[in-house]
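User: Please take a close look at one part of this model, the packing around a single helix, and set out which residues make its contacts. A short account of the ligand site would also be welcome.

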Amino acid sequence: MYELDGQQRLTGTIGDIGTSSFYPAHHITMGEGGAVYTNNPLLARIILSMRDWGRDCMCAPGQDNLCDHRFDKQYGELPVGYDHKYVYSHMGYNLKVTDMQAAIGFAQLQKLPSFVARRRHNFERLSAALQPVRDKLLLPEACPNSMPSWFSFLLTCQEGVKRDHVVSALESKGIQTRMLFAGNLLCHPCFDRLRVSGAGYRIIRDLANTNRIMRETFLVGVYPGLTDGMIDFMAEVITEAVR
Ligand SMILES: Cc1ncc(COP(=O)(O)O)c(C=O)c1O
């Protein structure tokens, strides 16, 4: 939720296109996959095309000749009358979800309000429990005018606190942690060759915050299945590790 021009808006409704991911660790899941949404009919058509190999044809799977011009138009440098079902107007992908995924997603959607509430509750509880060590760890806070449904609880070690020590304390107690995923992308082996040649990308300023996040930041989950007891245990282990 976000407040824009005095109005409360859901994040996916801001801008021309919204996206959601339905990976298992996320707010709702379909196993894998995600969704793209827009209220712009032209963008919707382009998005559907890109999902569907880049096809120009808008017929649903199993449907034929909705436009009644399947064999009588000319596109690109194709011969006149080339089957419109196999005309590609974009460089696309095959990103269709299956019916089974959709069924899971539909059931998950009905549980979303309770998931959102529980994620907020878990976040608030962990945040309150970690206030006494806020000189050791930078605690996450919502941006002004926003009311997030938190994905996770992001912690950045302050000077004198070793991330490796805190992370291994948590992991050794069966509490999963993650870095802030890739950190600084440019430091990864996939950039080795580009880094040597110095070509292929450019950097704006010194990436100080990105590098800090790469070195000092990690996260723990706030997923709805966590009980108050589990959250309190996480807080205890973190507190002990930083002291
Ligand atoms: C699509 C997708 N795959 C994989 C991951 C990484 O998850 P894990 O660390 O559980 O492998 C994420 C993280 O959010 C993700 O969004």
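Analyst: Helix axes are lines fitted to C-alpha atoms over the stretch in contact, and the angle between two of them, from 0 to 180 degrees, is taken between their N-to-C directions. The model is predicted, and the part examined here is helix H6, residues 228-242.

Helix H2, which spans residues 99-130, packs against H6 at an angle of about 35°, the two axes being 9 Å apart. This crossing of H2 and H6 is right-handed. On the H2 side, the contact is formed by Arg118, His121, Asn122, Arg125, Leu126, Ala129 and Leu130. H6 contributes Asp228, Ile231, Asp232, Met234, Ala235, Ile238 and Thr239. Sorted by class, the residues in the contact of H2 with H6 are seven nonpolar, three polar and four charged. An α-helix has 3.6 residues a turn, so residues three or four places apart point the same way.

A second partner of H6 is helix H3, residues 163-172. The axes of H3 and H6 come within 9 Å and cross at roughly 145°. The crossing of H3 and H6 is likewise right-handed. From H3, the residues in contact are His165, Val166, Ala169 and Leu170, and they meet Met234, Val237, Ile238, Ala241 and Val242 of H6. The contact of H3 with H6 comprises eight nonpolar residues, one polar residue and no charged residues. Met234 and Ile238 of H6 take part in the contact with H2 and also in the contact with H3.

The ligand site is considered next. The ligand is surrounded by Tyr23, His26, Phe151, Arg178 and Phe181. By class, this shell consists of three nonpolar residues, one polar residue and one charged residue. Oxygen atoms of the ligand have polar partners in the side chains of several of these residues. For Tyr23, a polar side-chain atom lies 3.3 Å from a ligand oxygen. For His26, the distance from an N or O atom of the side chain to an oxygen atom of the ligand is 2.9 Å. For Arg178, the corresponding distance is 2.5 Å. The ligand taken alone exposes 400 Å², of which the protein buries 56%.

A last detail concerns the ends of helix H1, residues 41-51. Asn40 caps the N-terminal end of H1, with a side-chain oxygen 2.9 Å from the backbone nitrogen of Leu42. Just after H1, Trp53 adopts a positive phi of about 65°.

Methods
Residues are numbered from 1 along each chain as its sequence is written. This is a predicted model: local features need pLDDT of at least 70, side-chain atom pairs count only at pLDDT 80 or more; totals for chains, interfaces and linings use all residues. Side-chain values use heavy atoms; hydrogens and water are left out. Helices (H or I, at least four residues) and strands (E, at least two) are DSSP runs, numbered from the N terminus. A crossing is left-handed if the near helix is turned anticlockwise from the far one by less than a right angle, and right-handed if clockwise. Contact means heavy atoms within 4.5 Å. Ala, Val, Leu, Ile, Met, Phe, Trp, Tyr, Cys and Pro count as nonpolar, Asp, Glu, Lys and Arg as charged, and the others, Gly among them, as polar. A residue is near a molecule or strand if one of its heavy atoms lies within 4 Å of it. A polar contact is a pair of N or O atoms within 3.5 Å; within protein, one must be able to donate a hydrogen and the other to accept it, and residues adjacent in sequence count only if both atoms are side-chain atoms. Accessible areas come from the Shrake-Rupley method with a 1.4 Å probe; for residues, only the protein chains shown count as cover.
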